[in-house]
Amino acid sequence: MSILIRNATVVTAGEEYVADVLCTDGTITEIGKDITDLEAEEIDGTGKYLFPGFIDPHVHIYLPFMGTFSKDDYVSASKAALMGGTTTMIEMCCPSRSDDPIEAIQLWKSKAAGISSCDYTFHMGVTRFDDTTEASLRRIVAEEKITSLKVFLAYKGALGIEDDELFKTLTFAAENKLVVTVHCENAELVAAIQRKLVAEGKTGPEWHEPSRPIAVEAEGCHHLMTFAEMTGAEVYVVHTSCIPAVEAITAARARGVRAHIETVASYLTLDSSYAELPDFEGAKYVMSPPLRAKEHGDFLWEKIADGTINTVGTDHAPFDFKTQKHMGHPVECVDAEMKPTGKPGNFTLIPNGIPSVEERVKLLYTEGVCEGKIDLRTLVKCASTNAAKIFGLYPRKGAIEVGSDADLVLWDPGYRGKISVETHSMATDYSAFEGREIKGRAELVTVRGQVLVRDGEWQGKGGEGEFLEREI
Ligand code: URP
Ligand code: ZN
Ligand code: ZN
């Protein structure tokens, strides 16, 4: 099976040029001018951009969290991702402290196998490090083909680990050349401030940001940087939201710490005022670290443009508004089965997360490229190529080169539309970007040469995606 995309402007991390791209049996087989292949289906790319498939390095699809489960499964999430131009997702495998890590990764894999339309892999969550952990992690690397870990400094008692466990995890990672992705917020500070605010009657979603201020995130980053410096581990700070956090990491880089920085689309396109919306609407915008004042978003755009920030993911964490987010309603608090608890709720009970896997590239293009904040090559770097390089997928993914997987996004820059829950493919009952004007869209999307989106319409059947084995 061959497809020939003619005359599009190929945009990669390093180049922009007009060419024909031929894909045969799932890989890119030829790039050039006036390619002939009488067997191939021809697609006219004139006036359009051809990007390497976008990679979201931070999603949650199966997530038991804060007393409930995230809303998407791999059918809805991978369809949503592809409709937005994302062809590979890296999910966080998040076992609880009491779970067996090998059983956990097998469970997470089973949630995707046979139904994902995207290609996918996982960051292995380390939520406990005891005498058995090292042997389990060795097996997960060797047999389950995972080469990156995930650690939470936040959420102590649930997913978060203690400092001695962090030291052991980073030491193991350094010895085995694994990248450790880390959620950096000081858990004790968050818990103390949360208690104080709730005791003062400050219970609405607008108090979520003050409970996790920028200093708390910066402290988490500084903390991780010290541990990375002591152990020599390569670390990747997920969902970096604010100026002092980026500064803590860049200061460590100057000391020789190997640290990558991820931000997420929500921090670039939303701000803390959204969590202040009346009638509990603000709960739609509760995520951690929280949405910040606009100056932080402006700074993050600058740091993407100058290459300080390596990647833009989503931290897609989908919870319904009418049911799940209401678990933290100050008056109408419900439990996970939607039964009134009879007790007043508060912001600490709102499941954290913003559904966004579908919207990341549209937002980066519309609010980044079209507004002159980033150029096209930077879009490709931060939303595809850099993640592929950091997480051992390059040049199979993140590239338009002969031999790369034929994961391609033909982007129509002339398209105009609006984001809405009415038309999105995610399973949630709301969109955090409702009504946003969008410029451009993924008109045609392929995963290893399979056309899964055509003319902006879904063509997939489910199960076209593959687990991506990674090796050191
Ligand atoms: O609010 C967030 N970020 N929810 C998902 C869990 C996490 O911390 O990544
Ligand atoms: Zn996190
Ligand atoms: Zn996350």
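Strands are runs of at least two residues assigned E by DSSP, and they are numbered from the N terminus. In the predicted model described here, one such element is strand 15, which covers residues 311-313 and includes Gly313. The chain as a whole holds 12 helices and 19 strands.

The overall dimensions of the chain were examined next. Its C-alpha trace extends over about 70 × 50 × 40 Å along the principal axes. For 472 residues, a compact globule would be expected to have a radius of gyration near 23 Å, and the value of 21 Å found for the chain agrees with this. Of the 472 residues, 61% are buried. The accessible surface amounts to about 17200 Å², and carbon and sulfur atoms contribute 50% of that area. Among contacts with a sequence separation of 6 or more, 75% join residues that are 24 or more positions apart.

Charged side chains were also counted. The chain carries 73 negative and 48 positive side chains, and the centres of these two sets are 2 Å apart.

At the level of a single residue, Gly313 serves as an example. Gly313 has a relative accessibility of 0% and is therefore classed as buried, since the class comprises residues under 20%. When neighbours within four places in sequence are set aside, Gly313 makes contact with Asp56, Pro57, Glu262, Thr263, Val264, Ala265 and Arg360. Ile43, by comparison, is separated from Gly313 by 270 residues in sequence, and the C-alpha atoms of the two lie 29 Å apart in space.

Note on methods: Residues numbered from 1 in each chain as written. Chains lettered and ligands numbered in written order. Predicted model: local features only at pLDDT ≥ 70, side-chain atom pairs only at ≥ 80, totals over all residues. Heavy atoms only, no water. Helix = DSSP H or I, 4+ residues; strand = E, 2+ residues; numbered from the N terminus. Rg over C-alpha atoms; globule rule 2.2 N^0.38 Å. Buried < 20%, exposed > 50% of the residue type's maximum accessible area, 1.4 Å probe, protein only. Contact = heavy atoms within 4.5 Å. Areas by Shrake-Rupley, 256 points an atom, 1.4 Å probe, with all protein chains shown as cover. Lys, Arg positive; Asp, Glu negative; His and termini not counted. Charge placed at Lys NZ, Arg CZ, Asp CG, Glu CD.
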